[in-house]
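Here are my notes on the internal cavities of this model. Please read them with the structure open.

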Amino acid sequence: MKQRAVKFFRRLLLACSCLLLFATAFAKPVHAAERTKIVFWHEMTGPAKDQLVKFCNEFNKSQNKYTVVPEFEGDYNQVVQKILNTHGTDTSPALFQSMDISTAQMHYSNYTTPVQKFIDEDHYDMSKISPMARVFYSKDGKQISMPFNSSQPVLYYNATLLKKLGVAAPPKDPSYSDLTKTAEAIYQKSHHKVHGMSVEIYGWFFEQFLANANVCIANNNDGHSGVPTKVSFDNPAAVKTMQWLQKNIKSGAFMNYGAGTNAQTNEQAAFLSGKLGMFLQSSGSITQLTTGTKDKIGVCYYPHMDGKKANGVAIGGASLWISNDKSADVQRGSWEFIKYLMTAKSQARWQAATGYLALNRDSQKEPVLKKLYKKNPATKVASEQLRRTKPNKANSGIFMQNLVQARLLEQTAMEQIYGGANVQSALKKAQDSMNSYIQQSNQANGFSK
């Protein structure tokens, strides 16, 4: 009897144990919180993509409420169209990256929640973020998106080549005539084997020349105080700048590599091979340039007109937007990730890894940036140019929906001018075409009566 009782209890214990194991295996832990999924569309490639994925993984591990899922969606233009086409569907992202020239388009789409909403709710200190970057993505004093991967155009020069030729380096804040002098010296002392400088046919550069001259391209303060109704391409500053470029190209001191991706590739190849002394390009190119040659690379501020103090140039790149077709919880998670990306530490690591500028002012104190500047002082110049510039109506970007079209027309005018066409006529033709396009666009979008 005793043995039967023992066997019964053993069987009962075994049965209970099996039931417990079964329940443990299939039951949902009550303490495990469900994470909110944040789909993040971006356009980064190479080192920038790698660093962005690291940020996502680190943020996901830092808390247990949200999971950011980064998804590469193609180039800037492709993503803009995908955002517009998928909004309001299950496939649209919670958070997305959008290029600088689509800022007005995104704003007027009414598809986004301005980040100002969360800034106000959290009393977030935006004074830590670069004023130049903030104002570019603001409207009526409100932050509509958060600047993220930002760059500025700068002048690069081959310091080793210049020293070899016995040519003095250009000043840190060069004027047009400063660069003409340096370019001519390079061209002559190399016996015409090395061109002194090049300026790619690129609408962004055209716009930056005018920003640095404190001249607006579009009326209504470049669109910041109202929807633009016309542009001015043939203003005196533009004419003088294009005449300067045309004259130097004609003399051989400047080289014309054309427009587009091939032009930029050929220009950079010539620079790295010692066939070009100086060129204008984004500050985001510095990492690639300094690792692509044994020569010492120098960096200067963007050139300004003679007899006129530099007004400063606008930023380029992209910003982060929050979609308004997602739940409040998803939007909040998107904002929390944005805050993570904008910390001093994250921004410092971002610049060190990619060449984009750290936008948090406290990033300059971070060891990773101090180490970078010590190893290569030239990498500090673009950050200094950004910090010294005070935002105003001319250097805060052009808040206009038709910027893609404007740049195409600017580039057409530049191409004609580089080829020897009359400067005033080429600019006036582009201007008239753009003003006609703006009139039609404003009527179609209900911006004009």
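1. Start with the lining of the second largest cavity. Its residues split into 7 nonpolar and 6 polar, with no charged ones. Keep in mind that the model is predicted.

2. How big is the second largest cavity? Its volume is about 80 Å³. The lining holds 13 residues. Closest to the centre are Val-227, Pro-228, Met-400, Gln-401 and Asn-442.

3. Which helix gives the largest share of that lining? Helix 19, residues 423–444, does, with 3 residues.

4. Now turn to the largest cavity. Its volume is about 140 Å³. The lining counts 19 residues, and those closest to the centre are Glu-207, Gln-208, Ala-314, Gly-397 and Ile-398.

5. Which elements give two or more residues to the lining of the largest cavity? They are helix 9 (203–212) and helix 18 (403–418). Helix 9 supplies the largest share, 5 residues.

6. The lining of the largest cavity does include charged residues: there are 4 of them. Another 13 are nonpolar and 2 are polar. Set this beside the lining of the second largest cavity, where no charged residue appears.

7. How many cavities of 30 Å³ or more are there in total? The count is 3. The two described above are the largest, at about 140 Å³, and the second largest, at about 80 Å³.

8. A last point on the approach. Rolling a probe the size of a water molecule over the atoms reveals where empty space remains.

Definitions and conventions. Residues numbered from 1 in each chain as written. Predicted model: local features only at pLDDT ≥ 70, side-chain atom pairs only at ≥ 80, totals over all residues. Heavy atoms only, no water. 1 Å grid on protein atoms, 1.4 Å probe; cavity = no way out; pocket = protein on both sides within 12 Å on 5 of 7 lines; lining within 4 Å. Points joined across faces, edges and corners; volume = space filled by probe spheres on them. Helix = DSSP H or I, 4+ residues; strand = E, 2+ residues; numbered from the N terminus. Nonpolar A, V, L, I, M, F, W, Y, C, P; charged D, E, K, R; others polar.
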